[in-house]
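User: Please take a close look at one part of this model, the cluster of aromatic rings, and describe how its members are arranged and what lies over them.

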Amino acid sequence: QVQLVESGGGLVQPGGSLRLSCAVSGSIFRMYNMAWYRQAPGNQREWVATITSSGSTNYAASVKGRFTISRDDAKNTVYLQMSSLKPEDTAVYYCNTPSGLFKWGQGTQVTVSS
């Protein structure tokens, strides 16, 4: 069974940066498109960014130009580099396939506050 383990979150000031990681167990990682999602308190989970198996990327309008999704197939890991962070980016961040194929991980908390 594939496991998703997110890490790298924390408390950061507005304008700061963080890099999130998502380790995916299993050797099939390279076959899948992967995505990042986030869920703020009281809100539904929302899509943030997608990277295809060939490396093409797509972003939600709210993060485009500030966030960068990437992947390292040798490490079975997908990353989310976040820059120019805003308080409204505060949320628990998750990774999964675009269809939510795998069991959701525990997520990693990102808090943007001064």
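Analyst: A residue is called buried when its relative accessible area is under 20%, exposed when that value is over 50%, and partly exposed in between. The model is a predicted one, and in it Y94, at 11% relative accessibility, therefore counts as buried.

Y94 belongs to a cluster in which ring pairs link Y37, Y94 and W104, and the count of aromatic pairs comes to three. One of these pairs joins Y37 and W104, whose ring centres are 5.2 Å apart and whose planes stand at 80 degrees; because planes over 60 degrees apart count as edge-to-face, the pair is assigned to that class. Y37 is part of strand β4 (residues 34-39), whereas W104 lies in the loop between β9 (91-96) and β10 (108-112), so this contact ties together parts that are 67 residues apart in sequence. With a relative accessibility of 10%, Y37 counts as buried, while W104, at 29%, counts as partly exposed.

W104 also forms an edge-to-face pair with Y94, for which the centre-to-centre distance is 6.0 Å and the angle between the planes is 90 degrees. Since Y94 lies in strand β9 and W104 in the loop between β9 and β10, this pair ties together parts that are ten residues apart in sequence.

A charged side chain accompanies these rings: the charged end of R45 sits over the ring of Y94, 4.4 Å from its centre, and R45 lies over the face of W104 as well, at 3.8 Å from the ring centre.

Notes:
Residues numbered from 1 in each chain as written. Predicted model: local features only at pLDDT ≥ 70, side-chain atom pairs only at ≥ 80, totals over all residues. Heavy atoms only, no water. Phe/Tyr/Trp six-rings, centres within 6.5 Å; stacked < 30°, edge-to-face > 60°. Helix = DSSP H or I, 4+ residues; strand = E, 2+ residues; numbered from the N terminus. Buried < 20%, exposed > 50% of the residue type's maximum accessible area, 1.4 Å probe, protein only. Lys NZ or Arg CZ within 6 Å of the ring centre and 35° of its normal.
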